[in-house]
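I opened this entry to record what I looked up about protein contacts to nucleic acid and about helix packing. The notes follow in the order in which I made them.

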There are 2 protein chains.
Amino acid sequence: MFSDTVEYALRAVIHLAHQAPAARTTAQIAEATQVPKDYLAKILQGLAKKGIVQTQRGVGGGVSLVKTPEELTILDVVNAVDPITRIATCPLKLPTHGTNLCPLHKRMDAAMATVEAAFRDSTLAEVLADPSTASVPLCDGTDPQPLKLRRKA
Amino acid sequence: MFSDTVEYALRAVIHLAHQAPAARTTAQIAEATQVPKDYLAKILQGLAKKGIVQTQRGVGGGVSLVKTPEELTILDVVNAVDPITRIATCPLKLPTHGTNLCPLHKRMDAAMATVEAAFRDSTLAEVLADPSTASVPLCDGTDPQPLKLRRKA
DNA sequence: GAAAAACAGGATAGATTAGTCTTGTTTCCA
DNA sequence: TGGAAACAAGACTAATCTATCCTGTTTTTC
């Protein structure tokens, strides 16, 4: 239901939040989060354009969060890479409906609203502080592994 | 967040539920739901393979629901065309996590769970009986209009 | 049994997503 | 100032999704 890009972006920012306010290189993030390095670079560029992260070139540079983990929500990240677009008007543009949603689209929109709300209520800090099970969201890892490998293999 | 295919499939079965237990031709459904006819045909084939609808060739034939609108949920339809796959194990396969989800994936899975639950609780009959706003989910229409037209146009 | 209605299925094409690779540019530091 | 570290950006490929078209097959009806 969520794109690979969303999954990757969330892993990256969670990792950055865990290190905040220090910067990490794209290669470091890629290894820790097991995301293909070159693809992650593109995603991080997108996050930079949206003001979620900032980058610093050169030796000792890297990527870091613009805001603190307390100020940044999962929804901010999701909307930066693959926005949750609510159903505002009838997709069939039926004149008799106007801006009212039919019962079907009302339910679909309501479902998206619950996701939106859940994501808006989760700050990165809160995710990191979650006391359940493994306390650290993403820990060690071996090498980057594309999600696609799951499918036809 | 939901694919075009899911949207189209839901429109089609809602339309069929509204006509139930009568059959409608693919062309009739396509026009009523404003879904591209040939693409809808493929989606309906998929729904037939999953046992959601049944088809009848020849004059007077068409597509109809296998179950009654009371027995069929939105989730049944969604899962037939584009399944909501819950996160069962850590996508990073971290050995230290085992089958436990990290806080991030727990939240993502929880979001999907709410959608799953909402869709499981909505039968087609219930959607049709919704007293709010326009009572009929999908009514008249002009001609099929691909969702894609919204984007670059 | 022929014609028409209707679905079945394959081929194809365009758009988007996912992923890789190469080159360029900025920045730090010795 | 030169080299290495690191991001920036574009080209390119593969897979998937969306969509269209064409031919075949089944079924009903006259």
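I began at DNA strand D, where a phosphate oxygen lies 2.9 Å from a polar side-chain atom of B:Tyr8. I took a polar contact to be a pair of N or O atoms within 3.5 Å; within protein, one must be able to donate a hydrogen and the other to accept it, and residues adjacent in sequence count only if both atoms are side-chain atoms.

I note that the model is predicted: local features need pLDDT of at least 70, side-chain atom pairs count only at pLDDT 80 or more, and totals for chains, interfaces and linings use all residues. Residues are numbered from 1 along each chain as its sequence is written, chains are lettered from A and ligands numbered from 1 in the order in which they are written, and side-chain values use heavy atoms, with hydrogens and water left out.

**DNA strand D.** I looked up two further contacts. A polar side-chain atom of A:Lys42 is 2.6 Å from a base oxygen of the strand, and one of A:Arg57 is 2.4 Å from a sugar or linking oxygen. A:Lys42, A:Arg57, B:Thr5, B:Tyr8 and B:Arg57 come nearest of the 27 residues around DNA strand D; a residue is near if one of its heavy atoms lies within 4 Å. Of the strand atoms within 4 Å of the protein, 70% belong to sugar or phosphate and the rest to bases.

**DNA strand C.** Here I recorded 28 residues around the strand, of which A:Thr5, A:Tyr8, A:Arg57, B:Lys42 and B:Arg57 come nearest. An N or O atom in the side chain of A:Thr5 is 2.3 Å from a phosphate oxygen. Two backbone N or O atoms also appear in my list: that of B:Thr26 lies 3.0 Å from a phosphate oxygen, and that of B:Gly58 lies 3.5 Å from a sugar or linking oxygen. Sugar or phosphate accounts for 69% of the atoms of DNA strand C within 4 Å of the protein.

**Helices of chain B.** I then turned to H2 (residues 26-33) and H3 (residues 37-49) of chain B, whose axes come within 9 Å and cross at roughly 115 degrees. Helices are DSSP runs (H or I, at least four residues), numbered from the N terminus. Axes are lines fitted to C-alpha atoms, for helices over the stretch in contact, and angles run from 0 to 180 degrees between N-to-C directions. H2(B) and H3(B) are therefore roughly perpendicular, a term covering 65 to 115 degrees.

Terms used:
Helices (H or I, at least four residues) and strands (E, at least two) are DSSP runs, numbered from the N terminus. Angles under 35 degrees count as roughly parallel, over 145 as roughly antiparallel, 65 to 115 as roughly perpendicular and the rest as oblique.
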